[in-house]
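Take a first walk through this fold. Start with the chain as a whole, then move inward.

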Amino acid sequence: MPKLSAGLLLFRETGGTLEVLIGHPGGPFWARKDKGAWSIPKGEYVDGEDPWAVAQREFLEELGKQPPMGVRIDLTPLRQPGGKIVTAYAVRGDLDLEGTFSNTFTLEWPRGSGTFREFPEVDRVGWFDVAAAREKLLKGQRPLLDQLEDALGRGGPDGSRSH
């Protein structure tokens, strides 16, 4: 059975520009990676758990703030390249990023050293227009942006996107 993950794609419009909130993963593996490294706030769950409740919980854990309670848009689940299935929900809302903080995880670093260190799950978070987010997001999550644009009727008349 593939691993399951649920997340929240928060979006807003600023001056007519669609922006999404995404986070950069913490820890040494991601420290020098930017393009194709960012993610929506999300986390794993087990079969039988409510993915919507998990998405809200993970948002709180990864940003230290309650997610805004706008109208929920259910996006089509995606299978990531590694096989994990991500169920995502889009919600319109604004969030002041001042004071955001993430929960942490423990990792032996450097590997094999016997020294264990704590790292934030998310080391930074930001609002990005869809074109910038498309470059920053993990490749397997980029279709979420297409789904969001479709749901908002923002794809061009010829189906074009903000690539």
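Helices and strands here are DSSP runs, with at least four residues for a helix and at least two for a strand, numbered from the N terminus. The model is a predicted one. Over residues 1-150, the chain is 19% helix and 37% strand. The C-alpha atoms at the two ends of that stretch are 30 Å apart. The UniProt record, an unreviewed entry, places the feature "domain: Nudix hydrolase" at residues 1-150.

Now count the elements. The protein chain has three helices and nine strands. In sequence order they follow the pattern β-β-β-α-β-β-β-β-β-β-α-α. The radius of gyration is 16 Å, close to the 15 Å that the globule rule gives for 163 residues, so the chain is as compact as a globular protein of that length. Its C-alpha atoms fill a box of roughly 55 × 35 × 30 Å along the principal axes.

How is the chain packed? Of its 163 residues, 43% count as buried. Take the contacts between residues at least 6 apart in sequence: 65% of them join residues at least 24 apart. The accessible surface comes to about 8,600 Å², and carbon and sulfur atoms account for 52% of it.

Next, go inside. The largest nonpolar core has 19 residues. Leu9, Val20, Ile22, Leu144 and Leu148 have the most contacts within it. Five elements, β1, β2, β6, α2 and α3, each supply at least two residues of this core. A second, separate core has 16 residues, among them Leu10, Trp52, Val91 and Leu95.

Look closer at Ile22. Setting aside residues up to four places away in sequence, Ile22 touches a list of residues that includes Trp38, Ile40, Val125, Phe128, Ala133 and Leu137. Ser39 is also one of its contacts.

Helix α3 spans residues 142-151. Which residues of α3 are buried? They are Leu144, Leu145, Asp146, Gln147, Leu148 and Glu149. These buried residues pack against four strands and a helix: β1 (4-14), β2 (17-25), β5 (78-79), β6 (85-92) and α2. After α3 comes Gly153, with a positive phi near 70 degrees.

Step back to the other side of α3. Gly140 sits in the loop between α2 (130-136) and α3. Is Gly140 buried or exposed? The cut-off for buried is under 20% relative accessible area. Gly140 has 15% relative accessibility, so it counts as buried. Beyond its neighbours within four places in sequence, Gly140 contacts Leu78, Gln80 and Pro81. From Gly140 to Ser39 the C-alpha distance is 9.6 Å, although the two are 101 residues apart in sequence.

Finish with the aromatic rings. The whole structure holds four aromatic pairs. One of them joins Phe29 and Trp30 edge-to-face, at 4.9 Å centre to centre and 90 degrees between the planes. Phe29 is exposed, with a relative accessible area of 54%. Trp30 is partly exposed, at 24%.

Trp52 and Tyr89 form another edge-to-face pair, with 5.1 Å between centres and 75 degrees between planes. Trp52 lies in helix α1 (residues 51-63) and Tyr89 in strand β6, so this pair ties together parts that are 37 residues apart in sequence. Trp52 and Tyr89 are both buried. Trp52 has appeared before, as a member of the second core.

Methods
Residues are numbered from 1 along each chain as its sequence is written. This is a predicted model: local features need pLDDT of at least 70, side-chain atom pairs count only at pLDDT 80 or more; totals for chains, interfaces and linings use all residues. Side-chain values use heavy atoms; hydrogens and water are left out. Buried means under 20% relative accessible area, exposed over 50%, partly exposed in between (1.4 Å probe, protein chains only). Contact means heavy atoms within 4.5 Å. UniProt positions are given in the numbering used here, feature names are shortened, and annotations may be inferred rather than shown by experiment. A nonpolar core is a set of buried Ala, Val, Leu, Ile, Met, Phe, Trp, Tyr and Cys residues joined through side-chain atoms within 4.5 Å. The radius of gyration is taken over C-alpha atoms; the globule rule is 2.2 Å times the number of residues to the power 0.38. Accessible areas come from the Shrake-Rupley method with a 1.4 Å probe; for residues, only the protein chains shown count as cover. Rings of Phe, Tyr and Trp (its six-membered ring) pair if their centres lie within 6.5 Å; planes under 30 degrees apart count as stacked, over 60 as edge-to-face and the rest as tilted.
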